[in-house]
Amino acid sequence: MITYKVIKENLQHCELGRYIAYGICVYSEEARMILKSISDVFIERDKIEKLVALCNENKLDPIHLSEVVQDAIV
């Protein structure tokens, strides 16, 4: 079984300085490892939590994760 999870990241950008961002990952319960992740998607935690919930509720196939993230940030 796979689940989508929030990733909290402490990042630094040469123009922005330090900031906290949130990404999303696909986690395999059986293998106990991250299969795929996308970093620095949102700076608002509530937005990434909603996206993660939608991915889990709809049992998103990981091959579509990049497309879903692109749609979410536009």
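In which sense do strand 2 and strand 3 pair, and over how many bridges? In this predicted model, strand 2 and strand 3 run side by side in the antiparallel sense, and their pairing extends over 6 bridges. Two positions help to trace the pairing by eye: Cys-25 stands opposite Ser-37 in strand 3, and Val-26 faces Lys-36 in that strand. Strand 2 and strand 3 form a hairpin, with 4 residues between them. Within the turn, Arg-32 has a positive phi of about 55°.

The hairpin belongs to an open sheet of 3 strands, arranged in the order 1-2-3 with antiparallel pairing. Strand 1 (2–13) and strand 3 are the edge strands, each pairing on one side only. On average, neighbouring strands of the sheet are turned by 25° against each other, direction ignored. Helix 1 packs on this sheet and touches strand 1, strand 2 and strand 3. The direction of helix 1 makes about 155° with that of strand 1. Helix 2 also lies across strand 1, strand 2 and strand 3, and runs at about 15° to strand 3. As background, strands of a sheet pair through backbone hydrogen bonds, either parallel or antiparallel.

A closer look at the hairpin leads to Ser-28, which lies in strand 2. Ser-28 counts as buried because its relative accessibility is 7%, and buried means under 20%. The side chain of Ser-28 reaches the backbone nitrogen of Ala-31 at 3.1 Å. Leaving aside neighbours within four places in sequence, Ser-28 is in contact with Met-1, Ile-2, Met-33 and Leu-35.

Attention now turns to the interior. In soluble globular proteins, nonpolar side chains tend to be buried together. The largest nonpolar core here has 14 residues, and those with the most contacts inside it are Tyr-4, Ile-24, Ile-48 and Leu-65. Strand 2 (17–28), strand 3 (33–42), helix 1 (45–57) and helix 2 (65–73) are the elements that give two or more residues to this core. Helix 1 gives the most, with 4 residues.

Two of these core residues are worth finding in the structure. Ile-48 has its place in helix 1 and is buried, with a relative accessible area of 0%. Not counting residues up to four places away in sequence, Ile-48 touches Val-6, Tyr-22, Gly-23, Ile-24, Val-41 and Phe-42. By contrast, Ala-31 is 17 residues from Ile-48 in sequence and 24 Å from Ile-48 in space, C-alpha to C-alpha. With the same four-place neighbours left out, Tyr-4 touches a list of residues that includes Ile-24, Val-52, Leu-60, Pro-62 and Leu-65. Cys-25 and Cys-55 are also among the residues that Tyr-4 touches.

The cysteines complete the picture. How many disulfides does the structure hold? The structure holds 0 disulfides. Cys-55 is in no disulfide, and the nearest cysteine sulfur, that of Cys-25, is 11 Å away. A disulfide calls for two cysteine sulfur atoms within 2.5 Å. Is Cys-55 buried or exposed? Cys-55 is buried, with a relative accessible area of 3%, whereas Cys-14 is exposed, with a relative accessible area of 76%.

Key:
Residues numbered from 1 in each chain as written. Predicted model: local features only at pLDDT ≥ 70, side-chain atom pairs only at ≥ 80, totals over all residues. Heavy atoms only, no water. Buried < 20%, exposed > 50% of the residue type's maximum accessible area, 1.4 Å probe, protein only. Core = buried A, V, L, I, M, F, W, Y, C linked by side-chain atoms within 4.5 Å. Contact = heavy atoms within 4.5 Å. Pairing = 2+ DSSP bridges. Polar contact = N/O pair within 3.5 Å; in protein donor to acceptor, adjacent residues only side chain to side chain. Axes fitted to C-alpha atoms, helices over the stretch in contact; angles between N-to-C directions.
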